Amino acid sequence: MALISVITINYNNADGLQKTIDSVVNQSFTDVEFIVIDGASTDNSVDIIKKNNRINYWVSEKDKGIYNAQNKGAAKATGTYLLFLNSGDILADKDTLKKVSA
């Protein structure tokens with residue numbers, strides 16, 4: 001079980017999703033589970049997700065909106081703490097999760 005589960009939801013925001021993924025995978029803190037819930041995007045979001053092997057779980061399927069997608073992610077999470085970091089959001093620096101985990 002990871003200490004922190006980072007849950008990212010996305011819909012047709014490939015550029016923002018890439019920024020979020022980069023922000024999470026470049027963290028110095030490694031006790032992280034990374035979950036991406038995509039709402040059946042029609043841009044290249046799924047291609048971006050498939051290229052990243054640091055994502056522990058992902059799905060791309062229609063949902064009923066933001067909160068439904070967040071709930072899907074929370075249901076898959078095994079971390080002690082959940083961090084919802086939506087597509088396009090980034091962490092302040094590479095040590096953010098390390099700082100908050102203390």
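**Exercise 1.** Is E61 buried, partly exposed or exposed?

*Solution.* The model is predicted; local features need pLDDT of at least 70, side-chain atom pairs count only at pLDDT 80 or more, and totals for chains, interfaces and linings use all residues. Residues are numbered from 1 along each chain as its sequence is written, and side-chain values use heavy atoms, with hydrogens and water left out. Buried means under 20% relative accessible area, exposed over 50%, and partly exposed in between (1.4 Å probe, protein chains only). E61 has a relative accessible area of 36% and is partly exposed.

**Exercise 2.** Find the side chain that meets E61 in a salt bridge, and state which parts the pair ties together.

*Solution.* A salt bridge is a side-chain nitrogen of Lys or Arg within 4 Å of a carboxyl oxygen of Asp or Glu. The partner of E61 is K72, at 2.9 Å from N to O. K72 belongs to helix α3, whereas E61 sits in the loop between β3 (57–60) and α3, so the pair links parts 11 residues apart in sequence. Helices (H or I, at least four residues) and strands (E, at least two) are DSSP runs, numbered from the N terminus.

**Exercise 3.** Describe the other salt bridges of the structure, which holds three.

*Solution.* D93 pairs with K99, the closest N and O atoms being 3.2 Å apart. D93 is partly exposed at 33% relative accessibility, and K99 is exposed at 55%. K94 pairs with D95, with 3.5 Å between the closest N and O atoms. Here K94 is exposed at 51% and D95 partly exposed at 22%.

**Exercise 4.** Place strand β1 (residues 4–10) among its neighbours.

*Solution.* Start with burial: seven of the seven residues of β1 are buried. In a regular strand the side chains alternate between the two faces of the sheet. On one side of β1 lie I4, V6, T8 and N10, on the other S5, I7 and I9, all buried. Next, the pairing (at least two DSSP bridges between two strands): seven bridges join β1 to the parallel strand β2 (residues 32–38), where F34 stands opposite V6. The β-α-β crossover from β1 through helix α1 (residues 14–25) to β2 is right-handed, that is, clockwise from the first strand over the helix to the second with the strands pointing away from the viewer. Four bridges join β1 to β4 (residues 81–84), also parallel; the partner of I4 there is Y81.
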